[in-house]
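Me: Please take me through one part of this model in a single connected account: how residues gather inside it and around the ligand. I am new to this, so please explain each term when it comes up.

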Amino acid sequence: MEHVSPSVEPALILDSVMAGKRITEAEALILAQHADLHDLGIAARTVRNRLNDLQRVSYVVDRNVNYTNICQINCSFCAFHVQPSSSNGYVLTKEELRRKVEETKSVGGTGLLIQGGVHPGLSWDFYLDLVRFLNHELGIWVHGFSPIEIRKMAELSGQSLRKTLEDLRDAGLGSLPGGGAEILVDRIRRKISPKKGDVAAWLEVMETAHEIGMMTTGTMMFGIGESFSDRIEHLRVLREQQDRAIQRGGIGRHTAFAAWPFQAGHTPWEGKILKPTDVEYLRTISIARIYLDNFHHIQSSWVTMGHKVGQLALHYGCDDMGSLMIEENVVSSAGTSYSVNRAEMDRMIRSADFDPWQRDNIYRPVLAEGH
Ligand code: SF4
């Protein structure tokens, strides 16, 4: 699917969005290429309001914990990982993990978003023990692991994906953050991360998680040489997966969609690729809100886009500010990092004309003091 001239007027497509109709991939591409940004925002906000409280914007107080930075996958866009032989490699100890959990809880945090590196030297027991320690012993929700890590664990355990995920769930894994989706188009994946697995491999992990009743997030990292039609292809496979999950009838499904632009700093792509503009981000997130009509929540990526664009995104279809980001290693490794405390988050949401509410990792309300 490449650049198409508008065989249908964008205004007619937006009228059908306002009337509650689902749009096709071809229509999404016409909107992406030809619709007025302001009109897109109005339509995205309409879809957002159909699914969510008009005034409320949620966020989660959690912490990104990268239990290891050692990784054998070597994605070309990743400034975070180091080689197994590196003297800068680490695996967090239980004491370090305990301290991070205590700090998180002390500010009203409810979860850890935990991801590696795919470390070649860790065992299946290490992962089970890690999850058990965090959830059963320290009592915090574990929102963890990307599909490539889950596949590595299945290989280590010698079990099916399903049994691997069931064992992790029984050990205390609560939900999957959906990392590593990047662009769900094999041509792009082969170029940027040839060892990370194809689209089918990513989808299979998420689908299996849904089948056993786990909640996940759909994500997209864009601006790494793909076209807008590649982005829409990415949205297509996510929407179809979510349709299957909803049809299955269980609680396993994607709770939300999050998209952020690739940060090229300190990667081989630095200076070779232009970061998507703020307008392109708003256009992308509006199209996602309109197209993903079966996703309840869309997150604003203020961590990569900054506070002002993060606030603006709330007027372009987002209903969630993602995480308070007590700790963030991956984006800051690429030279971009914004963080706030709870009062600033509340202020950011209120000054964008919405009311803040705290949620947990699967969008249940958290009753914190003063909220
Ligand atoms: S993105 Fe993840 S899998 Fe890829 S190199 Fe970085 S840590 Fe490894």
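Reply: When residues are sorted by class, Ala, Val, Leu, Ile, Met, Phe, Trp, Tyr, Cys and Pro count as nonpolar, Asp, Glu, Lys and Arg as charged, and the others, Gly among them, as polar. The model is predicted, so local features need pLDDT of at least 70 and side-chain atom pairs count only at pLDDT 80 or more, while totals for chains, interfaces and linings use all residues. Residues are numbered from 1 along each chain as its sequence is written.

By these classes, the shell around the ligand has seven nonpolar, four polar and one charged residues. Its members, each with a C-beta atom (placed from the backbone) within 6 Å of the ligand, include Cys71, Ile73, Val118, Ile148, His81 and Lys196.

To follow the interior, one needs the word buried, which describes a residue with 20 or more other C-beta atoms within 10 Å of its own (12 or fewer makes it exposed, and anything in between partly exposed). A nonpolar core is then a set of buried Ala, Val, Leu, Ile, Met, Phe, Trp, Tyr and Cys residues joined through C-beta atoms within 7 Å. The largest such core holds 93 residues, among which Leu31, Phe257, Ile285 and Ala288 touch the most other members. Helix α11 (residues 278-291) gives the most to this core, namely seven residues; helices here are DSSP runs of H or I with at least four residues, strands are runs of E with at least two, and both are numbered from the N terminus. Apart from this core lies another, of five residues, including Cys71, Ile73, Val118 and Ile148, and these four also belong to the residues around the ligand.

Returning to α11, one finds it mostly covered, with eleven of its 14 residues buried, among them Ile285, Ala288 and Arg289. Its first and last C-alpha atoms are 20 Å apart, close to the 20 Å expected at 1.5 Å a residue, where the expected span is 1.5 Å times one less than the number of residues. Two residues are in contact if their C-beta atoms lie within 7 Å, and Ala288, leaving aside its neighbours within four places in sequence, is in contact with Leu235, Phe257, Ala259 and Ile298.

Elsewhere, Gln358 sits in strand β10 (residues 355-359) and counts as buried because it has 21 C-beta neighbours inside 10 Å. Its C-alpha atom is separated by 5.5 Å from that of Ser58, although the two residues are 300 residues apart along the chain.
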